[in-house]
Every structure is written in C-alpha cells, then in structure tokens.
Amino acid sequence: MQQRSSVSLFSRHLAGLCMYLLMLADTQAAPRSQQDLRSFMHGVVALPTVQNGDYDVFFSSAGLPPRGEDAQGRWQHDVYLLHWHSDEVAQGQPQILIARPEAQEPVSAARNRSGHVMLTFEDGWNSKDEVSQRYAVYDAAMRPIKPYPQKAVSGGHSGHVAAVGERFVLFYSDGWVDGDGVNGQGSGNGVYVQVYDGQGEILQSIDVVDEERAWWPMLAGGERTALLVWQQITDGQKTGQLNMAVLDPQRGSLSDIRLLSADLQLYHYNLAWLPAVSRFVVLATIKGQGVAWLLDSAGQLKARLDCLPVTVREAGLMVSGTTVFTPTADGRLLQLAAGPDSLQLQGLLRESKGRPVPWRPVGSVGLPRRDGRLDWLSLTERGVQWWQFDPRQTSPARSATRCASAGDASLRK
C-alpha cells in the first residue's frame, strides 16, 4: 500500500508538473514584434464638446500600456475615454468607458446636432458569429441613453459612424472571404448602412454592396448627406478600387455607386466634412502617391490634387476652418487649403522638435490648441504618444502637378 501510494503521489506530482509547464507555455503570448500592431491599440476618434473648444477622445486599447493579444491569439481591447482640454499642457488620464472580455475595436464615434453621441465597434464578447457590430448612445454629458451592449448586426465588423443633423449613420461590413487583401488576410464580403435616430432607434437598413469583396467602410456626415467610401477588390489583386456613394439619411435614398480611383493602396484613405465651405474632402494613396478630392454634398467633383506625399494607413484628418491636416508616411503633417471649388497644397509640417514621427497604421487624431498649435495623439504598440506641431512653421511646398490617373471621368458623369 505504501509503495503504491508513493507511486501514485509521484505520478500526481509529475502530472502536475507537466500541466504547469504546459500552462506556463500557454500563457506566453507571441513576441511583441510578431503581433499585429492592431492587437495593441486600434481606432481613435475625437469629438468636440458642446462648448469650450475641448474634445472627447475615444480609443480602443488592450490595456494601458497595451499588452497585445493573449496566449490564444485573442485581442482584448476595451474602449477608453479621454477628456482633452485645449488650453492645458498636461492632460488627464484616460478612463475605461466600456470593458468586456474579448475585443471592442476599432471604436468610432459621432455627435449629432443635439450633442448625443453614438459609439460603435466590432465586439468579440458573447457573439455567436465570432464578432458583432455593437453600439451605445449617450447624451451630451456622456450619460447612457441606450447603454452598451446594443447589437447592430451579428457578424458585422469594421463599422464607422457619422452624424447628419439629428440622425446617426452606421456604415459597416459583413462576412469575410479568406485570401488576397493585405498579407493575404482576406476581405469583407459587403458593406451596409443603418440609419438611427438621436435616441439610438434604428430607422432603416440599406444594402450598399451585398456579398461582394467590399470592406473597410468609412464615412463623413455633412449638412444633409453622408459621403460613404470603401475599398473593393477582385480575386488576385494587391490593390483595390476606392468607391463612393452619397446617402440622404432623411429620405433614406442612396446615390449610384461611383469610382473614385483604381489602384488604391488598401486601407490608406480617410475623409472629412468641411463646414466652412460645405464640402467633403477625401485623401488616399493611389499608385504610391497621395491624392485628394473635394466633393460637394451630392458627391460631384469640385477639385482634385495629385502627386501629394503618401498618406498613412488609418490616419485621421483634422479640419480647422478651411484647412485640413493629415499625417504623411515620411513623418510629417500634410496641410491643405480648401475653397468651394479649389484645393491647394499649403505645405508640410515637421514635429515641433524637428523629428520625423514614426506614425503607426492603427489610428491617430489631431486636436487644435487655443494657442494655434496642434496636438496629435498617435496610437502605438507602446501606448498613446503625443506629438506637437505649429502651423506657423509650415514648410512651403511646390504646387502639386497633375498626374495622369483614372477616376475623374466616372465622377463627372
């Protein structure tokens, strides 16, 4: 009995040791250098508050500092909120707004005419279809009106939101097709729109592109319409088409789909509404060069600039009156001036200390200080980084020359 008991005890210890070693190995995530940068932080947006010139900044991060994926390769983002003050040098600390197991990313947000805020993101928590596009709605003081978790669509992903008047427009992708895309990671299989009222009640759903290889839907809200843009590929392509359509959320009407450009560097595009001139601006990287389009509320082309510096994947556009800023791949900021029918390259800004900024492809956003300088919040695998630029130090740039490229004809029809 004693010998049997000793053998059993030794066996249990050996088994326990093996289990411990297996568990220890299982808890070690992939090295930081091997992880997708989006697994650390992904998605940031800044909304002006109702008054004071301050901003509410929302971003998705796997902790602070971000820890990246877990041992099973699962992403673990939560949604953070930072109240940014335009006249303070030292800012407060971000606070967790929404936290659940699995990832809530990339967060997108919009504020409507009444000050209500809609947040949306793809959500891996408690979803039968791997992820779901979920949302929440808050009042101007960030008190929940329709609290998380609200489900927009099971299986939805990559959603972004904009406001047009009182209404919110949620533009998202659905489904997935393996292969092709960036590093063979595949593509979404369609883009779709949902229109909500200011309380977060759904009013309408529209299929924009149904069950085709279209994804990464981006949008901007104007006075009466929203401009929708997305990327689309066919099998075997390494670049995509940048397509667009205009939505009237009050009437629930969608324009014909039009081609902005072929030969898009995937994910390298963004857009914004310029209230000062009542125009949309779109920036993208086409054939290794930056391109900008100025469009009216109906989506008609008003101006175009080619031969600009290469843009940064998922970088934000900051609008200040008639001026637009966005990061460039060489570590600077691009500065454009817009009129009702014109676009002009004003110059390029270096960071205040003269260093090139190592922009990451996971999101950044610009914030205008009261003294005229710009704070630029950049998401990185190490956490939030702050960079400062002074538009008074803009380096003049030669006027962009027109490059031969496709896309204009489809817009002028």
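**Cores, strands and a buried serine**

Trainee: Among contacts in the protein chain between residues at least 6 apart in sequence, what percentage join residues at least 24 apart?
Mentor: Take a contact as heavy atoms within 4.5 Å, and start with pairs at least 6 apart in sequence. Keep the pairs in which the residues are at least 24 apart, and the share comes to 51%.

Trainee: What should I know about the numbers themselves?
Mentor: This is a predicted model, where local features need pLDDT of at least 70 and side-chain atom pairs pLDDT 80 or more, while totals for chains, interfaces and linings use all residues. Numbering starts from 1 along each chain as written, and side-chain values use heavy atoms, without hydrogens or water.

Trainee: How many helices and strands does the protein chain have?
Mentor: Both are DSSP runs numbered from the N terminus, with at least four residues (H or I) for a helix and at least two (E) for a strand. On that basis the secondary structure of the protein chain comes to 2 helices and 30 strands.

Trainee: What percentage of the residues in the protein chain are buried?
Mentor: Buried is under 20% relative accessible area, exposed is over 50%, and partly exposed sits in between (1.4 Å probe, protein chains only). The protein chain has 413 residues, and the buried share of them is 56%.

Trainee: Is Ser-39 buried or exposed?
Mentor: Ser-39 is in the loop between helix H1 (2-26) and S1. Beyond four places in sequence, Ser-39 contacts Ala-62, Gly-68, Glu-69, Trp-75 and His-77. Its relative accessibility is 0%, so Ser-39 counts as buried.

Trainee: Which element gives the largest share of the largest nonpolar core?
Mentor: A nonpolar core is a set of buried Ala, Val, Leu, Ile, Met, Phe, Trp, Tyr and Cys residues joined through side-chain atoms within 4.5 Å. This one has 25 residues, and Leu-227, Val-229, Leu-242, Tyr-269, Val-282 and Trp-293 touch the most other members. Two or more residues each come from S15 (214-221), S16 (226-232), S17 (240-248), S19 (258-274), S20 (279-286) and S21 (289-295). The largest share, 7 residues, comes from S19.

Trainee: Which residues is Val-229 in contact with, leaving aside its neighbours within four places in sequence?
Mentor: Val-229 is one of the residues that touch the most other members of the largest nonpolar core. With those sequence neighbours set aside, the contacts of Val-229 are Phe-171, Trp-216, Pro-217, Met-218, Leu-242, Asn-243, Met-244, Leu-260, Tyr-269 and Leu-271.

Trainee: How many residues does the second, separate core have?
Mentor: Look for Ala-272, Val-277, Leu-294 and Leu-345, which are included in this core. The second core is separate, and its size is 18 residues.

Trainee: Which strands stand at the edges of the open sheet of 5 strands?
Mentor: Strands pair if DSSP finds at least two bridges between them. The order is S23-S24-S25-S26-S30, with antiparallel pairing. Each edge strand has a single partner strand, so one side of each is left without a neighbour in the sheet: these are S23 (318-320) and S30 (395-396).

Trainee: In S24, which residue is the bridge partner of Val-319?
Mentor: S23 runs antiparallel to S24 (323-327), and 3 bridges join them. For Val-319, the bridge partner in S24 is Val-324.

Trainee: And in S29, which residue is the bridge partner of Ser-378?
Mentor: S28 (374-380) and S29 (383-389) pair in the antiparallel sense over 7 bridges. The hairpin that joins S28 to S29 goes through 2 residues. Ser-378 has as its bridge partner in S29 Gln-385.
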